[in-house]
Structures are given as structure tokens and as C-alpha cells.
There are 2 protein chains.
Amino acid sequence: MATTTAAQQRARAKAEYDAFLAACPSRELLSRISGKWVALVFAALGGNAPRRPGDDCTGEPRPMRYSELARTLAGVSQKMLTQTLRSLERDGLVRRTVEPTVPVTVTYELTDLGVSLHRTMRGLKTWAETHMDDVIANRATYDTRTG
Amino acid sequence: MATTTAAQQRARAKAEYDAFLAACPSRELLSRISGKWVALVFAALGGNAPRRPGDDCTGEPRPMRYSELARTLAGVSQKMLTQTLRSLERDGLVRRTVEPTVPVTVTYELTDLGVSLHRTMRGLKTWAETHMDDVIANRATYDTRTG
DNA sequence: CAGTATCCAGCTAGATACTG
DNA sequence: CAGTATCTAGCTGGATACTG
């Protein structure tokens with residue numbers, strides 16, 4: 001009988017790897033931007049969503065109010081919008097400004113860090129627009145081949 | 001009383017938006033690459049993981065066998081490794097080759113499409129390595145400010 | 001060697017209702 | 001207007017055991 005079982009060795013490897021994964025900045029970033037509404041909030045605050053349906057996008061970052069974001073991201077629940085904005089604020093990607101009017105006025109805008117991340121994410125957008133058709137086609141082919 | 005209730009209007013907006021979201025290539029791509037093991041598989045097959053702990057990375061894409069991948073991605077379960085590889089194969093990002101030896105030899109390698117996506121993802125990696133420290137610091141500041 | 005099959009915990013996100 | 005609070009369904013990923 002070995003001094004460490006296979007299960008123990010796997011548990012140790014897992015613990016080490018979990019630590020590595022948790023510390024890995026790329027993984028951290030991926031989980032950051034892959035939230036369901038994160039990319040949409042970036043697009044809206046980054047000026048890549050039309051102000052109104054049908055309008056052109058300016059491509060210029062601009063502040064937006066909570067209710068305007070809620071309208072632009074049609075379908076988002078209040079809970080998820082607030083949660084998403086809060087976590088982005090916590091990470092310093094979005095700035096939240098409260099004006100003490102009655103009722104209060106709250107605006108959100110991208111920080112410099114947020115703008116920089118938004119620019120990086122547009123590389124993904126470009127790849128997606130260029131190649132996702134191929135991916136979808138590959139899926140269809142695979143599915144018919146395998147029944 | 002209105003002819004459509006607020007709940008009905010929201011449901012309609014949600015249905016439309018869900019369709020938009022499902023069709024959005026960027027969202028599709030994000031969910032594709034944000035799987036826990038996807039980036040690691042890309043790094044391994046793309047030559048950005050050391051062949052053995054301590055080795056330098058070649059940066060050259062190369063085929064790897066299933067067991068070699070399992071060793072490189074320490075901590076991955078067989079289920080998740082197989083599932084990840086299958087889905088990448090389905091999307092045409094990874095090619096799976098079976099040699100009918102006894103027992104069988106199976107190798108995985110990036111396709112051209114996979115290499116192209118891997119290159120795009122390195123933009124994220126660069127941003128992460130440059131800026132994630134700031135993000136972590138921002139988090140800490142936010143947490144102390146809010147208690 | 002390279003998988004399948006089954007079961008289960010934890011997390012993400014949505015629905016709904018309420019408030020300073 | 002801009003939230004908070006609570007409950008819950010569904011999905012992702014992990015543990016474990018078995019196989020051509």
C-alpha cells in the first residue's frame with residue numbers, strides 16, 4: 001500500500017491547480033467579462049448601442065442614467081442591472097455618480113480603465129463578426145455527421 | 001385598464017431581446033471561450049503551456065494526446081476535458097484524430113480557425129497581465145470604503 | 001488509453017414584491 | 001428614480017464508478 005493514495009494525490013494536484021487558476025489574471029478577466037450583461041453595459045456606455053432603436057451609434061463613450069441603461073438593455077431585470085453595475089464599479093471599470101436631486105439622479109460612465117477594456121473587447125467582437133458564421137456552420141456539419 | 005399589462009409588455013420585450021442575445025455573435029463567442037477549461041486547452045494546444053513543469057513554452061501550436069492534455073491541465077476531470085474537447089471539435093476549433101492502434105491513440109490540435117481565435121484571445125491575456133492588478137486594487141479599495 | 005454514465009453541489013440569473 | 005430583498009429554476013462543473 002502506498003503512503004499516499006491516488007485520490008489524495010489528485011486532491012493535492014487539484015488544490016494546487018485551483019490556487020493557480022484563481023490567481024491567473026486571464027481566467028479572472030474571462031469570468032469578469034463573461035457575465036451575461038457585462039458586454040452589453042460596456043457597449044451602451046461605450047457608445048456602441050443606439051440611443052434609440054434605429055439611431056446610429058456614435059462610438060463615443062458617454063454617461064448614462066440607470067433608467068436609460070435599463071431601457072437600452074431591454075430584458076434585463078433590475079436586480080441583474082444593479083448587480084452588474086455594482087461589480088463593475090467595484091472593479092474600477094465604471095464610475096457611479098449620485099446627484100442629490102429629488103428624486104436622486106444616478107449616472108454611470110466608463111472609467112479610463114473601462115474604456116481600455118472596452119477597446120480590447122472589440123477585438124473579440126471583430127473576430128466574432130468575421131468567424132462565428134463558420135463556427136455555426138461547423139456545428140451544423142458536426143451534428144448531421146454524428147446524427 | 002390597458003389592453004396589455006406591464007407584465008405582458010415586459011415578457012414581449014424579453015422574448016425579443018432573448019432572440020437578439022441568442023443571435024448576437026459576440027455573446028455567442030463570449031460563452032464559447034468562458035468555459036472553465038477552454039482557455040487552458042487553447043494555451044496547451046497553442047504552445048503556451050510548458051511541455052513539462054519548468055520547461056519554456058515554444059509558442060508553436062502542436063498536437064497533443066488526450067493523456068498529455070490531462071497531465072498539462074492538472075486538476076481537470078475526465079468528464080470536463082472530454083466535454084470541452086468535444087465542443088471545441090464541434091465548433092471546428094480543434095481537430096481530433098484517432099489512430100487505430102491498440103489501445104487507440106487520439107491526438108488533438110488547433111485548426112486554422114482555432115489558431116486564429118487563440119491569437120485574438122491573447123489580446124485579452126495582454127490586457128489582463130497589464131491591468132488586472134489595478135482591478136484587484138480597486139476591489140480592495142471599494143471593499144474597505146464600503147466596509 | 002481514452003473515454004461513458006450517473007449523480008450531485010454550487011452558482012448565475014430571473015421573477016416577484018417592496019422602498020427611501 | 002433607483003434601487004433592495006427573497007425565492008427559485010436551470011446550468012456548469014465536479015466526484016465517482018465503469019468500459020471497449
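**Entry 1: H118(A)**

I began with the surroundings of H118(A), in a predicted model. Leaving aside neighbours within four places in sequence, I found H118(A) in contact (heavy atoms within 4.5 Å) with F42(A), A43(A), G46(A), N48(A) and L110(A). H118(A) sits in helix α6 of chain A, residues 112-145; helices (H or I, at least four residues) and strands (E, at least two) are DSSP runs, numbered from the N terminus. Is H118(A) buried or exposed? I recorded it as buried, because its relative accessible area is 11%; buried means under 20%, exposed over 50% and partly exposed in between, with a 1.4 Å probe and protein chains only.

**Entry 2: conventions**

I noted that residues are numbered from 1 along each chain as its sequence is written, that chains are lettered from A and ligands numbered from 1 in the order in which they are written, and that side-chain values use heavy atoms, with hydrogens and water left out. As the model is predicted, local features need pLDDT of at least 70 and side-chain atom pairs count only at pLDDT 80 or more, whereas totals for chains, interfaces and linings use all residues.

**Entry 3: DNA strand C**

I listed 19 residues around DNA strand C, the closest being K36(A), K79(A), Q78(B), R96(B) and Y108(B); a residue is near a strand or molecule if one of its heavy atoms lies within 4 Å of it. Of the strand C atoms within 4 Å of the protein, 62% belong to sugar or phosphate and the rest to bases.

I then looked up polar contacts (pairs of N or O atoms within 3.5 Å; within protein, one must be able to donate a hydrogen and the other to accept it, and residues adjacent in sequence count only if both atoms are side-chain atoms). A polar side-chain atom of K36(A) lies 2.5 Å from a phosphate oxygen of strand C, and one of W37(A) lies 2.8 Å from a phosphate oxygen of that strand. From chain B, a polar backbone atom of V106(B) is 3.3 Å from a phosphate oxygen of strand C.

Which element gives the largest share of the surface near strand C? I found α5(B), with four residues. By class, this surface has seven nonpolar, five polar and seven charged residues; Ala, Val, Leu, Ile, Met, Phe, Trp, Tyr, Cys and Pro count as nonpolar, Asp, Glu, Lys and Arg as charged, and the others, Gly among them, as polar.

**Entry 4: DNA strand D**

Around DNA strand D I listed 19 residues, with Q78(A), R96(A), Y108(A), K36(B) and K79(B) the closest. Sugar and phosphate make up 62% of the strand D atoms that come within 4 Å of the protein. A side-chain N or O atom of Q78(A) is 2.7 Å from a base oxygen of strand D. Phosphate oxygens of strand D lie 3.2 Å from a polar side-chain atom of R65(A) and 3.3 Å from a side-chain N or O atom of R86(A). The largest share of the surface near strand D, four residues, comes from α5(A).

**Entry 5: chains A and B**

The contact between the chains takes 46 residues from chain B and 46 residues from chain A. Together they bury about 4,200 Å², 67% of it on carbon and sulfur atoms; this is the accessible area (1.4 Å probe) lost on putting the two parts together, summed over both.

I counted six salt bridges between chain B and chain A, each a side-chain nitrogen of Lys or Arg within 4 Å of a carboxyl oxygen of Asp or Glu. One joins R90(B) to D143(A), with the closest N and O atoms 2.5 Å apart. On the side of chain B that touches chain A, α6(B) gives the largest share, 19 residues. That side has 21 nonpolar, 11 polar and 14 charged residues.
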